[in-house]
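I opened this chain today with a notebook beside me. Here is what I looked up, entry by entry.

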Amino acid sequence: MKKLNSKYYLIIFCVFYILLIGVMGAYIYHAFQLKCKEIVTTVHTRIDNLEESGILNKYTIKKENEQYRMLLEIVHGKKTLDEFKEFNKKILKAREEHFSHLIDSLFVNEKYEVAVRYDMSQLTLHDQKKELLEAPITLLQTSHKVEKSYKTNTSNWEVQESSERTDVREEEKEYKHHFSLYQNQYIDIKNIISIALLSLLPLLILTAIVAISLLVVYYIAYRTIKQKEKEVDNLYNMVDNVTHEFKLPIATLKYGCNNLALEYQSPTIDLLMRQVNRLDRLQNSLTPYMTSDNNPYTVKDLTQMMDDLRQLYPEVKLYEQWDAQEEVLLDKTKMETILLNLIENST
């Protein structure tokens, strides 16, 4: 199997690391969104409770308060919309400080910076099929101005006024009015991002530790692998140099043994020749790019090896037994190495 280049390992790690960071980022973003929704829900619930308590009735348009009575006069034609705007402008600033104090008191412990605004967005006269408002009119707001509304509520109610009611004085002209009024409530939490991130700080720290730890571990592993690869390359270079230096002496020994074999017939010369050939095969096996001769191991090879061992260890009695076919389809050099190690270690 071909070994992958180290740069491919780096690319694979970068891809998986980016995917991991993406997954963790998506999880953190989802947690951030949930926390923001929780904060908005808390703020909205408390402001709703404040409204239900009736404290804000005198500030927003409710029946029988100043603003509502003035709107009725506008509907009756006794007042103009500009007069209502001017009147509303005067009381808006006066009520701002007290309203801000009420809202801030709801979130003292949480330290939320909440901005609230109430607008009259629509005033429709159904009898005349006429919309009186060209733009929303702010009825009430806090010192912190609403810039981004995290929650918007719309309330509307339909009113039918006529002279048939018992509370109308006799000297008034008969009238019958049918109109609809729409109010919008806007809620903005100025520091919602910092509050949400602060609550997620342990998760952010843990995520950062995991991400940095992975980088450190990979860097250490990558540096170690590169160091080991360098050591292996140095070892291969050393083996190549050694085997290269062995070639000339082995070739010289072969040449000398062949010449001696031509001049003399001696078992010792045959022994030397076999050992030189074995040494040549061994040094070839040390070189990765050298292919093995793949010569099968035969009974003759076993007999010659045992004869060589008997000459080397004359005091040891050695016996061989060959129960296989004449040739065994195993590499000759490897079989000799295995058998010699077994025999020599047992002697």
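**Entry 1: helix α3**

I began with α3, where I found a kink of about 40 degrees centred on Arg95. The bend at a residue is taken as the angle between axes fitted to the seven residues ending there and the seven starting there. Helices here are DSSP runs of H or I with at least four residues, strands are E runs of at least two, and both are numbered from the N terminus.

I noted that this is a predicted model, in which local features need pLDDT of at least 70, side-chain atom pairs count only at pLDDT 80 or more, and totals for chains, interfaces and linings use all residues. Residues are numbered from 1 along each chain as its sequence is written, and side-chain values use heavy atoms, with hydrogens and water left out.

Next I listed the buried residues of α3: Leu81, Phe84, Asn88, Ile91, Leu92, Arg95, Glu96, Phe99, Ser100, Leu102 and Ile103. Buried means under 20% relative accessible area, exposed means over 50%, and partly exposed is in between (1.4 Å probe, protein chains only). I picked out Asn88, which lies in this helix and counts as buried because its relative accessibility is 3%. Leaving out residues up to four places away in sequence, I found Asn88 touching Gln67, Ile137, Thr138 and Leu139; contact means heavy atoms within 4.5 Å.

**Entry 2: the chain overall**

I counted eight helices and seven strands. Of the 347 residues, 32% count as buried. Among contacts between residues at least 6 apart in sequence, 74% join residues at least 24 apart.

I then checked pLDDT, the predictor's confidence in each residue, from 0 to 100. The chain averages 82, and 89% of the residues score at least 70. Among the elements, strand β4 (residues 151-162) has the lowest mean, 76, and helix α4 (residues 192-199) the highest, 93. A reminder to myself: where pLDDT is low, the predicted coordinates should not be read in detail.

**Entry 3: the cores**

Which residues have the most contacts inside the largest nonpolar core? I found Ile39, Val43, Ile47, Ile103 and Val114, in a core of 25 residues. A nonpolar core is a set of buried Ala, Val, Leu, Ile, Met, Phe, Trp, Tyr and Cys residues joined through side-chain atoms within 4.5 Å. The elements giving two or more residues to this core are α1 (6-52), α3 (81-106), β1, β5 and α4. Its largest share, eight residues, comes from α1.

I followed Val114 further: setting aside neighbours within four places in sequence, Val114 is in contact with Val43, Ile47, Ile103, Asp104, Phe107, Thr142, His144, Ile187 and Asp188. Another core lies apart from the largest one and has 18 residues, among them Leu81, Leu133, Leu139 and Phe179.

**Entry 4: strand β1 and its partners**

I found strand β1 (residues 114-125) mostly covered, with ten of its twelve residues buried. Two strands pair if DSSP finds at least two bridges between them. Four bridges join β1 to strand β3 (residues 137-141), and the two run antiparallel; Leu140 of β3 is the bridge partner of Tyr118. With strand β2 (residues 130-131), β1 pairs in the antiparallel sense over two bridges, and Thr124 stands opposite Glu131. The hairpin of β1 and β2 has four residues between the strands, and there Lys129 takes a positive phi near 50 degrees.

I also looked up His178, placed in strand β5 (residues 176-189). Is His178 buried or exposed? His178 is buried, because its relative accessible area is 19%. Not counting residues up to four places away in sequence, His178 touches Thr124, Leu125, His126, Asp127, Glu158, Val159 and Gln160.

**Entry 5: helices α5 and α6**

Helix α5 (residues 201-263) has 63 residues and reaches 92 Å from its first C-alpha to its last, close to the expected 93 Å. The expected span is 1.5 Å times one less than the number of residues. I saw α5 bend by about 25 degrees at Lys247, with Pro249 following within four residues. The buried residues of α5 are Thr207, Ala211, Tyr218, Val239, Thr243, Ile250 and Cys257.

In α6, the buried residues pack against α5, α7 (299-312) and α8 (332-346). Asp270 is in α6 (residues 267-285) and counts as partly exposed, at 40% relative accessibility. My last check put the C-alpha atoms of Asp270 and Asp308 9.5 Å apart, with their positions 38 residues apart along the chain.
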